[in-house]
Amino acid sequence: MRALRNLPRQAALQLGLLILRSLPPRALDALLAGAGGLWCRLSPRRRQVAEENVRLALGDDSPAARRSSIARASFRNLGTVAAELLLSRRLLGTRSAASRF
């Protein structure tokens, strides 16, 4: 019964992945980097954690604006990593090449 309830979600996810994988690499990267930036804006708790981690890494002497900028960039980078994962087979050329990793 549970599998039937999840079927629409699974179908939507598969369709979404198919659409994302059909985009040109630069468009996919830009889209998912933007999604990472949006996640930063829409998730204040995650953003605070990221900013605190940057503060711990750089110290209290670093300007707050710089720490915030680095935290926002980390969210965008997460979107870029997601794009690279979706494109890995295409970037490596074949399924067999991707399976070596």
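Tutor: Welcome! pLDDT is the predictor's confidence in each residue, on a scale from 0 to 100. We need that term because this is a predicted model.

Student: In which helix of the protein chain is confidence lowest?
Tutor: Taken over the whole protein chain, the mean pLDDT is 86, and 90% of the residues reach 70 or more. Confidence is highest in helix H3 (residues 44-58), where the mean is 96. At the other end, with a mean of 53, confidence is lowest in helix H5 (residues 95-99).

Student: How many helices and how many strands does the secondary structure of the protein chain come to?
Tutor: Follow the chain from the N terminus and the elements run α-α-α-α-α. The totals for the protein chain are therefore, by the DSSP runs, 5 helices and 0 strands.

Student: Is the protein chain a compact globule or more spread out?
Tutor: The C-alpha atoms fill a box of roughly 50 × 40 × 25 Å along the principal axes. For 101 residues the globule rule gives 13 Å, while the radius of gyration here is 18 Å. That is well over the rule, so compared with a compact globule the chain is more spread out.

Student: What percentage of the 101 residues in the protein chain is buried?
Tutor: Let's start from the outside: the protein chain exposes about 7,800 Å², with carbon and sulfur atoms supplying 59% of that area. To count as buried, a residue needs under 20% relative accessible area. In this chain, the buried share is 22%.

Student: Which helix gives the most to the largest nonpolar core?
Tutor: This core has 6 residues: Leu20, Leu28, Leu32, Ala83, Leu86 and Leu87. Helix H2 (25-42) and helix H4 (64-92) each supply at least two of them. With 3 residues, the helix that gives the most is H4.

Student: Which residues does Leu86 touch, leaving out those up to four places away in sequence?
Tutor: Leu86 belongs to the largest nonpolar core, and some of its contacts are with fellow members of that core, including Leu20. With sequence neighbours up to four places away left out, Leu86 touches Leu17, Leu20, Arg21, Leu28 and Leu32.

Student: How many residues are in the other core, the one with Ala50 and Phe75 among them?
Tutor: This other core lies apart from the largest one. Among its members are Ala50, Val54, Ala71 and Phe75. Phe75 is buried, with a relative accessible area of 6%. The size of this core is 5 residues.

Student: Are the rings of Trp39 and Phe75 stacked or edge-to-face?
Tutor: The model has 1 aromatic pair. The ring centres of Trp39 and Phe75 are 5.3 Å apart, with the planes at 80°. Planes over 60 degrees apart count as edge-to-face, so this pair is edge-to-face.

Student: How many residues apart in sequence are the parts that this pair ties together?
Tutor: Trp39 is partly exposed, at 38% relative accessibility. Trp39 lies in helix H2, and Phe75 lies in helix H4. The pair therefore ties together parts whose separation in sequence is 36 residues.

Student: Which residues does Gly36 touch, not counting those up to four places away in sequence?
Tutor: Gly36 is in helix H2 and counts as buried at 6% relative accessibility. Its C-alpha atom is 8.4 Å from that of Ser74, 38 residues apart along the chain. Beyond four places in sequence, the residues that Gly36 touches are Phe75 and Arg76.

Student: How many Å separate the C-alpha atoms of Ala3 and Leu18?
Tutor: Ala3 lies in helix H1 (residues 2-22) and is exposed, with a relative accessible area of 58%. Along the chain, Ala3 and Leu18 are 15 residues apart. Between their C-alpha atoms the separation is 21 Å.

Student: How far apart in space are Pro8 and Gln48, C-alpha to C-alpha?
Tutor: Pro8 lies in helix H1 and is exposed, at a relative accessible area of 54%. Pro8 and Gln48 are 40 residues apart in sequence, and their C-alpha distance in space is 34 Å.

Student: Does Ala27 count as buried or partly exposed?
Tutor: Ala27 lies in helix H2. In space, Ala27 and Gly93 are 19 Å apart, C-alpha to C-alpha. The relative accessibility of Ala27 is 35%, and buried means under 20%, so Ala27 counts as partly exposed.

Conventions:
Residues numbered from 1 in each chain as written. Predicted model: local features only at pLDDT ≥ 70, side-chain atom pairs only at ≥ 80, totals over all residues. Heavy atoms only, no water. Helix = DSSP H or I, 4+ residues; strand = E, 2+ residues; numbered from the N terminus. Core = buried A, V, L, I, M, F, W, Y, C linked by side-chain atoms within 4.5 Å. Buried < 20%, exposed > 50% of the residue type's maximum accessible area, 1.4 Å probe, protein only. Contact = heavy atoms within 4.5 Å. Rg over C-alpha atoms; globule rule 2.2 N^0.38 Å. Areas by Shrake-Rupley, 256 points an atom, 1.4 Å probe, with all protein chains shown as cover. Phe/Tyr/Trp six-rings, centres within 6.5 Å; stacked < 30°, edge-to-face > 60°.
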